[in-house]
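Colleague: Before I rely on this model, I would like to hear how its terms were applied. Could you show me the structure and take me through them?

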2 protein chains.
Amino acid sequence: MTFQRQQRPATQADVAREVGVSRTLVSFAFRGTSGVSDETRLAIFDAAKRLGYRHNAAAAALASKQRTAVGLYLLDLRNEVFSDVLNGVRLALPQARNRLILSVSRSIGGEDQGALDSLIEARVGIIIAATLLDPDERVRELAQMVPVVSVTRRVEGVDSVYPDDHAGARAAVEHLLGLGHTRIAHLAGPQFDGHTVRREAYEQIMRSAGLTPQTVAASDFTHEAGERAAAELLAGPDRPTAVFTHNDQFALGVREAAYAMGLTIPGDLSLVGYDDSPTARLHGIDLTSVDLHAVELGKIAGSVALERLNDPGAPIADRCITPQLVVRRSTAPSAS
Amino acid sequence: MTFQRQQRPATQADVAREVGVSRTLVSFAFRGTSGVSDETRLAIFDAAKRLGYRHNAAAAALASKQRTAVGLYLLDLRNEVFSDVLNGVRLALPQARNRLILSVSRSIGGEDQGALDSLIEARVGIIIAATLLDPDERVRELAQMVPVVSVTRRVEGVDSVYPDDHAGARAAVEHLLGLGHTRIAHLAGPQFDGHTVRREAYEQIMRSAGLTPQTVAASDFTHEAGERAAAELLAGPDRPTAVFTHNDQFALGVREAAYAMGLTIPGDLSLVGYDDSPTARLHGIDLTSVDLHAVELGKIAGSVALERLNDPGAPIADRCITPQLVVRRSTAPSAS
DNA sequence: GTGAAAGCGCTAACAA
DNA sequence: TTGTTAGCGCTTTCAC
């Protein structure tokens, strides 16, 4: 059983012909512009339905020179943070603005111009990006072509919505210090512009506590990369008694690496993640983590995007959200 | 510090004027069409760069009447199955076809015409949908407007790529039967067209084993809905000793509900999920689950989409993948 | 309340 | 190898 597809999708001209009015009227009717009699409007809708007419958003955007769609760039869909951001963005956007074009990075380990290009070429009106790995300068260049709202990362000169990573890292490290840990390691991500705050805060706080920071960097931001880096870290000499990771994916990687070596958590190793993803909350995982309020970040990003769309000349938005440490059962007093 | 945006984005006409050639040449140069001298081509690229020219995909699609973009409809980003499908699709699509427009449902509990409409109005060439909740008839109507590849669900008359849910459910239930369980409950999703196979298979297999099926249906496909349904199920009389759930999200919900009641897994309750999501594999979760090979489903869907695009008249694809039970530590012999 | 005509940025014959 | 011309489906003055 096959279904024959219409040869040529119906256009406004077809509808106009069917009803016996001009194309203009049809266009007006569909956009709710005043100046169409109710009678005509109804007749148009009726004919449209009969003909299976569908509004062509691309053609409309071209003709009106309006960039109506919102582009959403996400680094990695497997990381729950990004789906939360998406959900937040959607909550903030009104129905009308809900033409969301999503683009997901192909490379979690580095820059990815391709995904952004596709958004630019789709002529979106604004790009909400979580998380850009490109250098600040590149982000600013991008922002000259199309407005950008940077989420989870602050970029000077570009609308930014991000967590106070210094405060977040401080809460995490101080929690571990308070438990008596001294050999606290940090599992960082690859060091891109704007993604070093957690690491720097960790190192600074360790130093002010008179301790030596020990940082290892994973090759990208995935669970797997975290696990590889953790395996090395834990196998090394002077194994840390606690690890603070750049994100929850890494923390899950550390868990797997630790268990694979026969270590227990928090018995042999205390663990603090970052994101407070849904997985962290599961019984059996119970990961202590820094909640960066991803949904909230998304919501704010959405509203910032709307403001920018309405007023291209408005001052740059700089919205910093305070994250919150959520203590669960992956951390315990130091045994030593 | 603000960055001035260009008033009017450069067009091919601007580039042509700059170089002193016709618009056609510029168009040719950008699409790699033969018939442009290397010298001209280079001059064009150079000028384009200088002017900040960006190809306008929307205008190009309009003019060429080609529907180049691929629309991807996903039910729920928080469910790892769907990100896996996305990743699979992307693996299958060649670079050129990688203009992926993603649309995520707003309602995990029911139909969602809005998300599909936005894909239609964006004039995508094909929609890869995972998972459609609409009635079969509606999906077929949709497929008349634009080709559809239905993923994780078989729809008669529409290209479909899906797991053999009967076999998957059988493997799960027989595993539990083999462990000596007799009071095996099933946590089903809301009963939409095409989403009843797992449930029906469960009930049929229970009956052929001379047992009484006990099915409860959650209100949508999320962890939370699963947890609510599970709380009721486990609090009821004649508590089951094993639960087989429609998906892993539900299984995670059952876990939480069980632990909240002081039950242990698999001590008091054996649990089998469906999806074999990354979370299922975590130490501390160790969920026995039916692997439906989501990445593979996505890959096949991508290649089916390409075939359909190349040959609109080809026979309907019907690709059924055999899922695989992965036994972990959430199932144990029945105590009774 | 309605329509005619021009044009959005691009592609696609067809000429030259 | 290059240019000319005519649209794609829609919006938008501006006139009736």
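Modeller: What follows sets values for the DNA contacts and for one helix against their definitions. This is a predicted model, in which local features need pLDDT of at least 70 and side-chain atom pairs count only at pLDDT 80 or more, while totals for chains, interfaces and linings use all residues. Residues are numbered from 1 along each chain as its sequence is written, chains are lettered from A and ligands numbered from 1 in the order in which they are written, and side-chain values use heavy atoms, with hydrogens and water left out.

Colleague: What makes S27(A) a polar contact of DNA strand D?

Modeller: A polar contact is a pair of N or O atoms within 3.5 Å, and a polar side-chain atom of S27(A) lies 2.5 Å from a phosphate oxygen of the strand, so the pair meets that cut-off. For R31(A), a side-chain N or O atom is 2.7 Å from a phosphate oxygen of DNA strand D, and for Y53(A) the corresponding distance is also 2.7 Å.

Colleague: Which residues come nearest to DNA strand D?

Modeller: Of the 26 residues around the strand (a heavy atom within 4 Å), Q12(A), S27(A), R31(A), Y53(A) and T24(B) come nearest. Sugar and phosphate account for 73% of the atoms of DNA strand D that come within 4 Å of the protein.

Colleague: Why is helix 5 of chain B called largely enclosed?

Modeller: Buried means under 20% relative accessible area, computed with a 1.4 Å probe on protein chains only; 10 of the 13 residues of helix 5 of chain B are buried, so the helix is largely enclosed by the rest of the structure. Among the buried residues are F82(B), L86(B) and R90(B).

Notes:
A polar contact is a pair of N or O atoms within 3.5 Å; within protein, one must be able to donate a hydrogen and the other to accept it, and residues adjacent in sequence count only if both atoms are side-chain atoms. Buried means under 20% relative accessible area, exposed over 50%, partly exposed in between (1.4 Å probe, protein chains only). Helices (H or I, at least four residues) and strands (E, at least two) are DSSP runs, numbered from the N terminus.
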